[in-house]
Amino acid sequence: MTALTLSTAGAATLRADAVVVGVAKGDKGPVVAPGAEAVDKAFDGQLAAVLETLGATGAEGEVTKVPSPEGVKAAVVLAVGLGAVALEDEAYGAETLRRAAGNAARALSGTKKAAFALPIEASEDVEAIAEGALLGAYAFTAYQDTKGAKGPLAEVALLGAKPRDKAHKAAAERALALTEEINRARDLVNTPPNDLTPEAFAAVATAAAKEVGVKVQVLDDKALAKGGFGGILGVGQGSQNGPRLVKLSYTHSKDAKTLALVGKGITYDSGGISLKPAGHNETMKCDMAGAAAVFAAVIAAARIGVEVNVTAWLALAENMPSGSATRPGDVLRMYSGKTVEVLNTDAEGRLVLADALWKASEEKPDAIVDVATLTGAMMVALGNRTFGVMANDDAFRTAVHEIAEEVGELSWPMPLPVELRKGMDSPTADIANMGERMGGGLVAGLFLKEFVGEGITWAHLDIAGPAFHEGAPYGYTPKGGTGSSVRTLVKLAERIADGDLG
Ligand code: BES
Ligand code: MN
Ligand code: ZN
């Protein structure tokens, strides 16, 4: 884990292995950003010219390393592009700083200590730079021989952030708690499915919750059978690794509002008897990213001390084909009492979520948000970086979308058109688990809506696109698990605590 410190030392005098400065894209070439004055001075005011000689323009994503001149303690100056932003009157946006810090941290893997001398005006900038650096420094090396491999940047020192300034200190502490939990969610997503079974996931959640005083309750296969959780059991019954329903409760106070989070936790989605073909199953360890996100969010909310109660429900199962697996044509009796005809065992996420949503609804929370890598159709609609937001309340859907935008997560509001419901009519059961192919992401949302308790405000985040990043890393986004939606969920909890919502 990468350490974070705030320092009032000068950028040139702090003992570190590298010093990170910002460079913006100006009309006439690169422009050194505020925060790097002392470093620029050591270059006799010629840092921008030196960078331009090396081909730097200040474009976003660009990193340029320069050996330090006399007078700078760190051996290397790393200039990171901030893009073409307003250079004088406007402050740098949070996402610009977050991405730049992430690019710098990635370029500094293998380095012990880096001083970040990026522009800081307010505590929001402290938070953004800390988040970007700590998320960018992430590496998943648990299954590799790391001898010789570059470990993550070990220490981030933020210059210009004042340790005695209460707002700066709180911003850094929030960023540290949040990013450590996001990185833990990434670890869970990246852990291979032979090791991360539902039971193993429940054990990780239990241990983490105990550390921060969050209450845990785990229902195993026997308890699920006794409780009548036909959806979770139906999906899990083909696997040797039995399903679990984990409840994590962070209670701030009795009279605080309550936000319930429900996560899809399919530790491996083979498709079941409706088996996925090769080419579609290699990354299906990521199908528990929703559960990892709500787990990270509840632990982060507890660590930050948000004045709201947060309950997270992790619906954990492995979707495998076998002699004991659910067949296409089977009818499941769900926890809500409704019956579902399983037409396609690969539409399993909605089955485990339905039981967890109904269970969460029984406690009458002020709002429910579920998070799931639910449909390939949502990826077709929105691409690989944007999650879909559906809801039974227009204002709540808008609020979630806007909060996501504020924290730098891409999302888009999607409708739940009632006319798609009839496609799920079943001749045998109350509903089928599949409907029309067109609008498949919305069909899945409509299915879930039927398992939300009467009168409860609910939103559904389909993170199938952004949960797992297969391309080259960029900004603070690594290859593999991303921790998608955690920042949105924690900010939503904070908004509810502020009385702005719910
Ligand atoms: N886990 C998948 C959705 C998914 C696909 C997530 C690709 C991430 C990347 C889900 O369980 C699934 O298989 N959905 C089916 C539903 C269909 C059978 C109605 C789909 O999207 O094809
Ligand atoms: Mn599936
Ligand atoms: Zn799935």
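Which domains does the domain assignment of the protein give? The assignment gives domain 1, covering 3-159, and domain 2, covering 181-498. Everything shown here comes from a predicted model.

**View 1. Domain 1 and domain 2, seen as a pair.** Taken over C-alpha atoms, the centres of domain 1 and domain 2 are 37 Å apart. Where the two meet, 14 residues of domain 1 are in contact with 16 residues of domain 2.

**View 2. A look at what domain 1 and domain 2 bury between them.** The size of an interface is often given as the accessible area lost when the parts come together. Here domain 1 and domain 2 bury about 1400 Å² between them, and 58% of that is on carbon and sulfur atoms. On the domain 1 side, look for Leu 135, Tyr 138 and Tyr 143: these lose the most area to domain 2, together 44% of what that side buries. Don't go hunting for salt bridges between domain 1 and domain 2, as the count is 0.

**View 3. The zinc ion (ligand 3) and its protein donors.** Lys 264 gives its NZ atom, Asp 269 and Asp 287 each give OD, and Glu 348 gives OE, with distances of 2.0 to 2.4 Å from the zinc ion. The zinc site has 6 donor atoms, and with angles of 79 to 174 degrees among them it is octahedral. Read along the sequence, the zinc donor residues follow the spacing K-x4-D-x17-D-x60-E. Asp 269 sits in strand β10 (residues 258-269) and Asp 287 in the loop between β10 and α9 (289-304), so this pair ties together parts that are 18 residues apart in sequence. Are Asp 269 and Asp 287 buried or exposed? Both are buried.

**View 4. The manganese ion (ligand 2) and its protein donors.** Asp 346 turns up twice in this list, through O and through OD, alongside OD of Asp 269 and OE of Glu 348. These donors lie 2.0 to 2.2 Å from the manganese ion. Its site also has 6 donor atoms, but with angles of 70 to 169 degrees it is irregular. The spacing of the manganese donor residues in sequence is D-x76-D-x1-E. Asp 346 has 23% relative accessibility and so counts as partly exposed, while Glu 348, at 1%, counts as buried.

**View 5. The zinc ion and the manganese ion together.** How far apart are the manganese ion (ligand 2) and the zinc ion (ligand 3)? They are 3.1 Å apart. Asp 269 coordinates both ions, and Glu 348 also appears among the donors of zinc and of manganese.

How values were computed:
Residues are numbered from 1 along each chain as its sequence is written. Chains are lettered from A and ligands numbered from 1 in the order in which they are written. This is a predicted model: local features need pLDDT of at least 70, side-chain atom pairs count only at pLDDT 80 or more; totals for chains, interfaces and linings use all residues. Side-chain values use heavy atoms; hydrogens and water are left out. Donors are N, O and S atoms within 2.8 Å of the metal (3.2 Å for Na, K and Ca); water is not among the atoms, so sites may look incomplete. Four donors count as tetrahedral if all angles lie between 85 and 135 degrees; four count as square planar and six as octahedral if opposite donors are over 155 degrees apart and all others between 65 and 115; anything else is irregular. Helices (H or I, at least four residues) and strands (E, at least two) are DSSP runs, numbered from the N terminus. Buried means under 20% relative accessible area, exposed over 50%, partly exposed in between (1.4 Å probe, protein chains only). Domain bounds come from an automatic or database domain assignment. Contact means heavy atoms within 4.5 Å. Buried area is the accessible area (1.4 Å probe) that two parts lose on being put together, summed over both. A salt bridge is a side-chain nitrogen of Lys or Arg within 4 Å of a carboxyl oxygen of Asp or Glu.
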